[in-house]
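Reader: I would like to go through this structure with you. Please set each value against its criterion.
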Amino acid sequence: MTIAELSRKKVSRRAVLKAAATVGALQLVPPFIIKARGEGMVKIGLDNPLTGTYAALGKNELVGCRHALAEINAKGGILGRKAELRVEDSTSGDAGTAVQKAHKLIDRDRVNFLLGNVNSALAQAMAQVANEKNVLMIDPGGHTDPITGTDCHWNVFRVCNTTQMEANAVAGVLVKDYGKKWYYITPDYAFGHTLQAGMEKAAAKLGGVKVGGDLTPLGTADFSAFLIKAQAANPDVIIFLTAGEDAVNSLKQAVQFGLNKKFHIAGAQQELEVLEGLPPEARIGTWVFEWYWKQPKVAHVAQFDAAIRKITGKVPTARTWFGYAATWTCALAAERAKSLDAVKLAKALQGFKLPPAVSLMPDGAFYRASQNQLIPDLYVGNAREKGEPGEPEDLFEVTRVVKGPDVAGTLEDTGCKMTWPA
Amino acid sequence: MPSLSAIKVGRRIANAAVWLALATMPYWMKAVGGYTELGTEVVVLGLTAMALNFLLGFTGVLSFGHAAYFGLGAYGVGMTIRYLVPSTPLGILVGVAVGTTATAVIGALIIRLRGVYFAMVTIAFAQVFYFVAFRWNSVTGGDDGLIGWARQPLDLGFAQVDILHDGRAFYYLVLLLFAVSAGLMALLLRSPFGGTLLAIRENERRARFLGIPVEFHMWLSFVISGLFASLGGTLYALLNNFVDPHVLHWNMSGNLVIMAVLGGMRSFWGPLIGAAIFVVLQDYVSSLTENWMSFLGLFFVLVVLFFPRGVLGAARGVARFPAKS
């Protein structure tokens, strides 16, 4: 019997499955005629993680972007044209995909602004593309220093702080309030090393000393050996620079060892998303937040908080604000430049101070000229086990608001030497 | 069954169609909702998957660690331009040399292993390179990646080609290198050497009884495969103007194997088709839903279940045994 004869006999199970699969696949086939591109729209492209490790952070930034976009359009759009957000998933770690999506947004969708990325490495890769293509880019939440430091570009702006600014902010408070002898628990990879170097540099300026430290391999489950060593060194403060699962394990074990009773526990950057993910007993220590939703004395914050709660049912986080401020920056730059030309936009943002309704901070925030870095307030405070009754997300108690210019260092410190296109 | 000459004519037509499609890609990409860089990525990853398939499909040896040679090529070109000489061709040469040397050394160490043991050891070696790149911050930039470099204009002597800002020019450079590589691989496969590789794939023991130095042939195939994979890596780095340790990660190796299997590992063009499907599907579906990885996975499962010879293998099956109505 040949195959042809076989197939004639009856409709086989396989044929039915094949047909089903084909029909399923057809749902994904692009429509033959391309939809009208809406030439009149001003397009903002967001190339940010929606999947993987940073998905939660990326999605909160997306919420902020969408909210800002709605406000912008309600106020008449950008230069009188409606604004539109194009969202692409950059993945959490694959630079190839992030770059491909950046090309897609710039070359195919012709976006006027490019936003991204939570992952610093991907943000740097995107900055290369944006610079090649002369598109204004705003990095909402990728912290590594070179983006507005040694590898700064005229067209790349950043909303979130540099790691050095965060280290400076928290170091000042720690030295003042808790003591000068520090012990470091640092994850052994680029981000950890940079963070520790930043903390040491900040501490040294204020007379802080390092009494010891350990580099812990990524994915360490048992920190007891490191914690015993830390205890023996008898520091004033134990600095935890661990992130993700490592942070959960190290902080939990520090509490189990009773270290939080004997020493002060602290770290550098912390986020509400991370605190919410920690078991309550591990929510300890002094940290720096880049924005906090509970600022009763600052105008507009309550409205922003209420608006975001209406959308997500949760409070806005620093990430939500990053997305919000980044998107508004696009609109404000265009208003100021009266143009969508990247060079004019970038010039318009030099030294530009965000209006209070966007900065949502007691002292406001401005883009430092010739560095393109936003200089905002920073919020140093303590993590707490649980919020007030009725406010389960109030997991951070701000003790000091640090002014950005005090911790940003000089322009020479950043290492940024900007060259503008001729 | 169609006659042999008919198959030959069919194959010629198919080859011509592939080349025509590739040569005109930048001109029709926009019309179907794509963009030039997407085409470049398809060609680059297609070349790499074809290189992997030289080993997998035509020698019958599964390497699950080709990201190592791909990534070494990528770091080779990046670091050459960043630290040594700002020259694209020299960077490509260095990248390929580094990747090929690594394949030759590692291949010599592990070529006696078979099957899953071979695959596991290739993963292990690739992960070694991954962690070196991840940890050696001062040189590779660690997790943050290698930045501060970009592809340099090509100096042809009589003219300069700006491959940095002109995406099309870069595409044609990639296509040229792809054509040379594909031609070389096809020539090798048609030669007696290629025949020997097929013999080893079909029955290693018999090949050994015939007096073929099996290990040497496998090693040579591994090195050739690594050479073209590292060329793919250099082009990938140049496309992104960026390298990070992800290119060395076993995820990357896995994706390359998926591309080869998806397209069809018994056919020469299969991996290119696989890469095209993989890249375009990812590009398209990921804009529609954040659960795009499930769709990609589902598609792969379906292909493996129902078309074990890959998309091209299935298409060829239909052409060769058309169902009579």
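Author: Start with burial: a residue is buried if 20 or more other C-beta atoms lie within 10 Å of its own. The model is predicted. Take strand β10 (residues 286-289) of chain A, where A:T286, A:W287, A:V288 and A:F289 are all buried.

Reader: Which way do the residues of β10(A) point?
Author: A:T286 and A:V288 point one way, and A:W287 and A:F289 point the other way. In a regular strand the side chains alternate between the two faces of the sheet.

Reader: What makes β9(A) and β10(A) a pair?
Author: Pairing takes at least two bridges found by DSSP. β9(A) and β10(A) have two bridges, in the parallel sense. They therefore meet the criterion. A:A266 stands opposite A:T286 of β10(A).

Reader: Why is A:F113 called buried?
Author: The cut-off is 20 or more C-beta neighbours within 10 Å. A:F113 has 29 inside that distance, so it counts as buried. This residue lies in strand β3 (residues 113-115) of chain A.

Reader: Which residues is A:F113 in contact with, neighbours within four places in sequence aside?
Author: They are A:I44, A:G45, A:L136, A:I138 and A:C330. Here contact requires C-beta atoms within 7 Å. A:A342 can be placed too: 229 residues from A:F113 in sequence, but 8.5 Å away in space, C-alpha to C-alpha.

Reader: How do you know that the span of helix α7 (residues 190-205) of chain A is close to the expected one?
Author: The expected span is 1.5 Å times one less than the number of residues. With 16 residues, that gives 22 Å for α7(A). The helix reaches 23 Å from its first C-alpha to its last, so the two values are close. Just after α7(A), A:G207 takes a positive phi of about 90 degrees.

Reader: What do the buried residues of α7(A) pack against?
Author: In chain A, they pack against α6 (163-177), β6 (181-187), β8 (237-240) and β9 (264-269). Chain B adds α7 (137-140). The buried residues include A:F191, A:L195, A:M199 and A:A203.

Reader: What are the domains of chain A?
Author: The assignment gives domain 1 (38-161 + 294-376) and domain 2 (164-289). Their C-alpha centres lie 30 Å apart. Nine residues of domain 1 of chain A are in contact with eight of domain 2 of chain A. On the domain 1 side, α3 (55-74) and α13 (318-337) of chain A each supply at least two residues. α3(A) gives the most, with three. By class, that side has three nonpolar, four polar and two charged residues.

Reader: How do you know that the radius of gyration of chain B agrees with a compact globule?
Author: For 325 residues, a compact globule would be near 20 Å. Chain B has 20 Å, so the value agrees. Its C-alpha atoms fill a box of roughly 60 × 50 × 45 Å along the principal axes. Of the 325 residues of chain B, 49% count as buried. The secondary structure of chain B comes to 15 helices and two strands.

Reader: How many residues does each chain bring to the contact between chains A and B?
Author: Chain B brings 37 residues and chain A brings 37. Among the elements giving two or more residues on the chain B side are α3 (36-56), α11 (214-240) and α13 (270-288) of chain B. α13(B) gives the most, with five. That side of chain B has 16 nonpolar, 12 polar and nine charged residues.

Definitions and conventions:
Residues are numbered from 1 along each chain as its sequence is written. Chains are lettered from A and ligands numbered from 1 in the order in which they are written. This is a predicted model: local features need pLDDT of at least 70, side-chain atom pairs count only at pLDDT 80 or more; totals for chains, interfaces and linings use all residues. Domain bounds come from an automatic or database domain assignment. Two residues are in contact if their C-beta atoms, placed from the backbone, lie within 7 Å. Helices (H or I, at least four residues) and strands (E, at least two) are DSSP runs, numbered from the N terminus. Ala, Val, Leu, Ile, Met, Phe, Trp, Tyr, Cys and Pro count as nonpolar, Asp, Glu, Lys and Arg as charged, and the others, Gly among them, as polar. The radius of gyration is taken over C-alpha atoms; the globule rule is 2.2 Å times the number of residues to the power 0.38. A residue is buried if 20 or more other C-beta atoms lie within 10 Å of its own, exposed if 12 or fewer, and partly exposed in between; C-beta atoms are placed from the backbone.
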